[in-house]
Amino acid sequence: MSHLTPHRQLPDADTAVDPDTDGPGKDTAAKPGGPAEPVIDGGAAEAADAEAAEAEEVTEAGGASEASEISEESAPPSAEAAPEPAASRPGWFGWRRRYPRTARAVRVGTSVLAGALVLVVLLVPNRLDWITVRSFLRLPVEAIFLAAVLLVLPSKARRITAVALGAFLGLSAVLKCLDMGFRQTLARPFDLVFDWVLLSDGADWVKDSFGRSGEVLAIVGAIVLLILVLVLSALAMMRLADVMALHRPMAVRTTLVLATAWIVCFTMGVQFGGVTIATKGYAQYLANRVQYVRDGLGDADVFKKQMAVDAFAKTPSDQLLTGLRGKDVMFTFIESYGRVAIDDPSMAPEIDKTLQEGNARLKSAGFAARSGWLKSPVTGAGSWLAHSTFLSGLWIKNQQRYRTLTTSDRATLTSYFQKTGAWRTVGIVPGVRKAWPEGKYFGLDHIYDSTHLGYQGPYFSWTPVPDQFSLEAFQKLEHSKKNRDPIMAEIILASSHNPWSPIAHMIDWKDLGDGKVFYKIKKEGTNPTQVWKSAKRVRTEYRKAIQYSLDSLTQWMQRYGDDNTVLVFLGDHQPVPTVTGGSANRDVPVTIVARDPKVLDRVSDWGWTEGIKPAGNAPEWTMNKFRDRFMTAYGPQSG
């Protein structure tokens with residue numbers, strides 16, 4: 001070949017192929033004074049130009065990754081490329097070039113999974129009991145809106161928006177999961193304003209249950225999972241944005257068709273199997289969330305105004321609780337003792353039998369009782385919120401209100417007893433295992449926590465001290481003392497606390513000793529891991545735990561109660577939805593027991609049911625109403 005041959009001159013048709021070249025149709029031409037360069041035949045040049053044009057079009061649409069894929073697939077099979085270093089090959093070490101069909105399947109599969117992920121986040125309910133196959137057979141307007149936004153944006157703005165929207169979807173997915181967990185335990189969604197402190201409490205529970213290493217692993221795992229969800233959702237949205245840009249005409253047509261279908265279905269109310277096809281559920285979910293946050297942020301001011309109102313704040317101490325002077329008054333909370341225990345058909349017969357036996361026990365000792373219903377501010381958990389509602393006369397529905405209350409000078413039912421100077425006020429709180437500074441706020445002269453009751457036995461899952469032992473400790477430490485002042489005791493029984501496995505059972509009071517007898521009882525008990533595999537077994541163990549708490553209390557009254565003993569006992573909240581079946585009812589039983597008929601005469605106009613089982617139609621008050629009504633009934637106005 002002459003050195004005068006112009007650059008890229010086409011060779012003759014019969015030019016032989018150099019076996020050292022990369023393939024047929026290629027030769028080398030020497031530049032004057034330079035090395036030979038490859039000369040591409042006309043067909044290959046046209047293919048390369050077409051490739052470049054297509055790749056450039058894709059790149060302009062924001063699909064740089066798709067451009068390289070198209071280049072690989074559209075290369076003419078007759079033009080084999082020279083071996084390239086692995087680092088310079090398209091795809092992961094050139095696998096997409098070597099396996100084009102597999103690469104296409106991966107691309108399609110990735111796109112499908114990305115779309116499925118976005119749809120699941122948009123459609124999945126935030127309650128486990130609402131998740132069904134039909135809940136996903138709907139058309140979300142939010143998906144159509146997202147598609148339209150991504151289609152109208154230019155390349156760079158589209159990718160930034162896709163990342164932001166994907167991360168937001170990931171955060172909403174996490175929030176929905178938190179809602180599911182909170183509904184399973186507290187029968188309410190996660191509160192974005194007030195519930196962050198409960199995550200810290202959850203970490204403390206993990207630490208108590210599995211040690212410091214378990215807590216660290218749980219926290220690290222939660223953080224990694226959060227990051228993974230955000231990254232995956234962002235990548236999914238980017239993938240969908242690139243696919244729509246690559247197939248823009250089809251994406252535009254599809255979006256218009258789906259938008260039209262949504263409008264028609266929404267206008268006509270089209271349903272499938274009772275499920276509305278056209279949905280805006282995700283937007284409504286976000287709107288509700290925004291409203292909850294706004295309400296939460298304004299709640300502090302509302303609550304401060306409520307705290308300022310106290311009908312007894314200016315009442316002289318010698319005119320407070322005059323109808324109970326000289327009496328030992330016990331306010332006793334039974335953990336998770338809710339209306340479901342009395343009304344549920346699967347539990348009612350056994351609970352009713354226990355209540356009848358308790359009534360007979362009390363009557364044999366000369367006691368009478370009256371019972372009604374209170375509506376708790378919480379359900380499933382949050383006992384301290386119920387306790388403070390009952391004692392303060394305020395609706396303590398969240399942790400912010402609780403902290404505001406316990407750092408204020410608002411008087412409680414127990415602190416009013418202390419204010420009179422006529423009672424020694426004590427707290428029996430076996431569920432408290434560490435410092436409890438709020439105890440002073442509640443007006444308790446002395447507090448006996450789990451470490452000061454003399455118990456040397458085992459924990460029963462969450463419960464540090466069995467109820468029977470706690471009541472016996474109260475008897476020994478306070479009630480049995482001679483020449484003492486009357487006692488006002490706040491007693492919080494914990495044996496009926498979730499998970500209700502294993503459960504202690506009643507033994508002879510003389511055999512309680514230091515509690516070591518309970519090691520054998522615990523060993524004979526059930527395994528919570530096995531119990532919680534069946535909702536039916538959970539309800540059964542819950543029922544047994546309530547029976548144990550009721551028996552402990554009524555037997556204590558029969559054994560140690562006297563003419564001056566007044567017992568007020570109640571549940572703090574309903575148990576978790578696994579037991580209640582998801583019922584929204586928050587009623588708990590409340591009972592007043594006394595031997596002195598004058599005590600019950602003061603509440604005769606309340607309309608409460610005789611005995612320790614409230615009738616189904618007995619009066620129902622919100623729990624915060626009890627304080628003022630109780631103090632009014634036993635104040636000087638009532639004689």
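The protein has 22 helices and 15 strands. Keep in mind as you look around that this is a predicted model. Of its 639 residues, 45% count as buried. Take the contacts with a separation of 6 or more: 73% of them are accounted for by residues 24 or more positions apart.

## The nonpolar cores

Let's start on the inside. In soluble globular proteins, nonpolar side chains tend to be buried together. Here the largest nonpolar core has 55 residues, and those with the most contacts inside it are Tyr 337, Phe 474, Phe 518, Phe 569 and Val 593. Helix 19, which covers residues 535–560, gives the most to this core, with 10 residues. Apart from it lies another core, of 50 residues, including Ala 386, Tyr 416, Met 488 and Phe 626.

Try clicking on Tyr 337. Leaving aside residues up to four places away in sequence, Tyr 337 touches a long list of residues, among them Ile 342, Leu 355, Tyr 542, Ile 546, Leu 550 and Phe 569. The list also includes Asp 572 and His 573, along with Val 588 and Pro 589.

Phe 626, from the 50-residue core, also turns up in helix 22 (residues 626–633), where Phe 626, Arg 627, Phe 630, Met 631 and Ala 633 are buried. Looking down the axis of helix 22, you'd find these buried residues within an arc of 160°, so they line one face of the helix. There is a general pattern to remember here: an α-helix has 3.6 residues a turn, so residues three or four places apart point the same way.

Now for a charged residue indoors. Arg 361 sits in helix 11 (residues 348–364). Is Arg 361 buried or exposed? Its relative accessible area is 15%, and buried means under 20%, so Arg 361 counts as buried. Not counting residues up to four places away in sequence, Arg 361 touches Asp 551, Thr 554, Gln 555 and Gln 558.

## A loop with odd angles

Next, head for the loop between strand 11 (487–493) and helix 17 (518–523), where Pro 499 is found. Pro 502 lies in this loop too, and so does Trp 500. Most residues other than glycine have a negative phi, and most peptide bonds are trans. With that in mind, have a look at these backbone angles:

| Where | What | Angle |
|---|---|---|
| Asn 498 and Pro 499 | cis peptide bond | omega about 20° |
| Ser 501 and Pro 502 | cis peptide bond | omega about -10° |
| Trp 500 | positive phi | phi near 60° |
| Ser 461 | positive phi | phi near 55° |

Ser 461, in the last row, belongs to another stretch: the loop between strand 10 (446–449) and helix 16 (467–479). How much of each of the two positive-phi residues can be reached? Trp 500 has 1% relative accessibility, so it counts as buried. Ser 461 has 29%, so it counts as partly exposed.

## One cavity and one pocket

How many cavities of 30 Å³ or more does a search of the whole structure find? The search turns up 1. The largest cavity has a volume of about 70 Å³. Trp 500, Ser 501 and Pro 502 are among the residues lining it, and so are Phe 460, Thr 463 and Pro 466. By class, this lining has 6 nonpolar, 4 polar and no charged residues.

The second largest pocket holds about 610 Å³ of space. It is lined by 22 residues, and Gly 115, Ala 147, Leu 240, Met 244 and Leu 258 lie nearest its centre. Which elements each supply at least two residues of this lining? They are helix 4 (100–123), strand 3 (139–140), helix 5 (141–152), helix 7 (196–246) and helix 8 (248–268). The lining of this pocket has 17 nonpolar, 5 polar and no charged residues.

## A serine tucked into a loop

Last stop: Ser 135, in the loop between helix 4 and strand 3. Ser 135 has a relative accessible area of 6%, so it is buried. Which residues does Ser 135 touch, not counting those up to four places away in sequence? They are Leu 123, Pro 125 and Trp 130. Ser 135 and Val 124 are 11 residues apart along the chain, with 7.1 Å separating their C-alpha atoms.

Notes: Residues are numbered from 1 along each chain as its sequence is written. This is a predicted model: local features need pLDDT of at least 70, side-chain atom pairs count only at pLDDT 80 or more; totals for chains, interfaces and linings use all residues. Side-chain values use heavy atoms; hydrogens and water are left out. Buried means under 20% relative accessible area, exposed over 50%, partly exposed in between (1.4 Å probe, protein chains only). Helices (H or I, at least four residues) and strands (E, at least two) are DSSP runs, numbered from the N terminus. The arc is that of the directions from the helix axis to the C-beta atoms. A nonpolar core is a set of buried Ala, Val, Leu, Ile, Met, Phe, Trp, Tyr and Cys residues joined through side-chain atoms within 4.5 Å. Contact means heavy atoms within 4.5 Å. On a 1 Å grid over the protein atoms alone, a cavity is a set of points where a 1.4 Å probe fits but cannot get out, and a pocket is an open set with protein on both sides within 12 Å along at least five of seven lines; lining residues have an atom within 4 Å of a point. Grid points are joined across faces, edges and corners, and a volume is the space filled by probe spheres set on the points. Ala, Val, Leu, Ile, Met, Phe, Trp, Tyr, Cys and Pro count as nonpolar, Asp, Glu, Lys and Arg as charged, and the others, Gly among them, as polar.
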